[in-house]
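Work through the exercises below with the model open. Try each task before you read its solution.

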Amino acid sequence: MAEGRIMKAISGFYYVKSGDNVFQCRGRGVFRKQKITPLVGDFVEFDGDNPEEGYIHSIKSRRNILIRPPVANVDQVIIVSSAIMPDFNPLLLDRFLVLIESKEISPVIFITKKDLLSDKELESISVYQKLYREIGYSVELVSSRALEEPDHLKDYFSDQISVIAGQSGVGKSSLLNAVNPSLELKTAGISESLGRGKHTTRHVELVEAGNGLVADTPGFSSLDFNEIIAGELGDCFPEIVDLKADCKFRGCFHKKEPGCAVKQAVTDGQIASSRYDHYLRFLDEINSRKPRY
Ligand code: GDP
Ligand code: ZN
């Protein structure tokens, strides 16, 4: 029995990479009976006697699963946000950060289109860069037109499975092309699937970027918080996690409770008011969600 990782899944076939070889495999019938779908990113045991007619026998336990794109064992999500055109959007950035944190995946922030900024605009973006770095996130301000430190950016992809996220037009495809020119992804927001044209059968593939792998379909098309409960929202904000033990009440929502260390930190300027405002907004959104039966 050989071991490998599923790189691509198309209509019932799984392409499993093992060493330098790729094996075309089907899943065992028992998977269907048990309603188990092998996913891109899965580590599997397979019978690879014939490179065209392999069979996947078992799937190793998964660290996590993303629904869109359907990928298992994701190490990090690279959130791409443009500095301008479209304007930098801290609310949307925080939304992505919360969704990624809730899945216990590491987020990284790439802010693109640096080359289009005036000195004054560069200054205001730098304030955000500092803010998010202080929270503990890696933040890179880049121009995909002229990558100043391509090797430094490539390092982010090394030995990991990454998924790219970000609204249309922020420069996701351009960034991947800059990191790995052989990808030749079409740019200018041609389609959701990083410029590869609309697929009739939805499939996802892991492609090389830097010394790692990235899903060729961007993540998180739906940005609602359906899977997050109110009591867990604070855990998706690292600066709140740091302070919540100091709140007077256990289970503090950091909203109107007396003796709240988080609110005090906002007053003291230790927590950015934009972040706290977004926390309250997301909390309202979760609390006003209709119960599902
Ligand atoms: P996607 O929809 O997120 O994949 O965005 P694209 O990569 O298709 O980029 C959208 C548009 O922004 C294209 O016209 C790109 O040429 C342009 N663009 C992307 N990154 C940069 C950048 O860093 N600087 C400049 N000036 N333009 C960029
Ligand atoms: Zn509190």
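**Exercise 1.** What is the strand order of the open sheet of six strands?

Solution. Keep in mind that this is a predicted model.
- Trace the order: β10-β9-β8-β11-β13-β12, with mixed pairing.
- Now take the edges. β10 (139-141) and β12 (206-209) each have a single partner strand, so one side of each lacks a neighbour in the sheet.
- Add the twist. It averages 30 degrees from one strand to the next.

**Exercise 2.** Describe how β8 pairs with β9, then place the helices that pack on the sheet.

Solution.
- β8 (residues 76-82) and β9 (residues 106-112) run parallel, joined by seven bridges.
- For a checkpoint, find Ile 78: Val 108 in β9 stands opposite.
- Helix α3 (residues 119-135) touches β9 and β10. Its direction makes about 165 degrees with that of β10.
- Helix α4 (residues 150-157) touches β8, β9, β10, β11 (161-165), β12 and β13 (212-215). Its direction makes about 150 degrees with that of β9.

**Exercise 3.** Which residues are the closest to ligand 1, and which polar atoms approach it?

Solution.
- Start with the shell. It holds 17 residues, the closest being Asp 115, Ser 144, Ser 173, Ser 174 and Ala 188.
- Sort the shell by class: three nonpolar, ten polar and four charged.
- Go to the ligand nitrogen. A polar side-chain atom of Asp 115 lies 2.7 Å from a nitrogen atom of ligand 1.
- Turn to ligand oxygen. The side chain of Arg 145 places an N or O atom 3.0 Å from an oxygen atom of ligand 1. Gly 171 has a backbone N or O atom 3.0 Å from an oxygen atom of the ligand.
- Finish with burial. On its own, ligand 1 has 580 Å² of accessible area, and the protein covers 87% of it.

Methods: Residues are numbered from 1 along each chain as its sequence is written. Chains are lettered from A and ligands numbered from 1 in the order in which they are written. This is a predicted model: local features need pLDDT of at least 70, side-chain atom pairs count only at pLDDT 80 or more; totals for chains, interfaces and linings use all residues. Side-chain values use heavy atoms; hydrogens and water are left out. A residue is near a molecule or strand if one of its heavy atoms lies within 4 Å of it. A polar contact is a pair of N or O atoms within 3.5 Å; within protein, one must be able to donate a hydrogen and the other to accept it, and residues adjacent in sequence count only if both atoms are side-chain atoms. Accessible areas come from the Shrake-Rupley method with a 1.4 Å probe; for residues, only the protein chains shown count as cover. Ala, Val, Leu, Ile, Met, Phe, Trp, Tyr, Cys and Pro count as nonpolar, Asp, Glu, Lys and Arg as charged, and the others, Gly among them, as polar. Two strands pair if DSSP finds at least two bridges between them. Helices (H or I, at least four residues) and strands (E, at least two) are DSSP runs, numbered from the N terminus. Axes are lines fitted to C-alpha atoms, for helices over the stretch in contact, and angles run from 0 to 180 degrees between N-to-C directions. Contact means heavy atoms within 4.5 Å.
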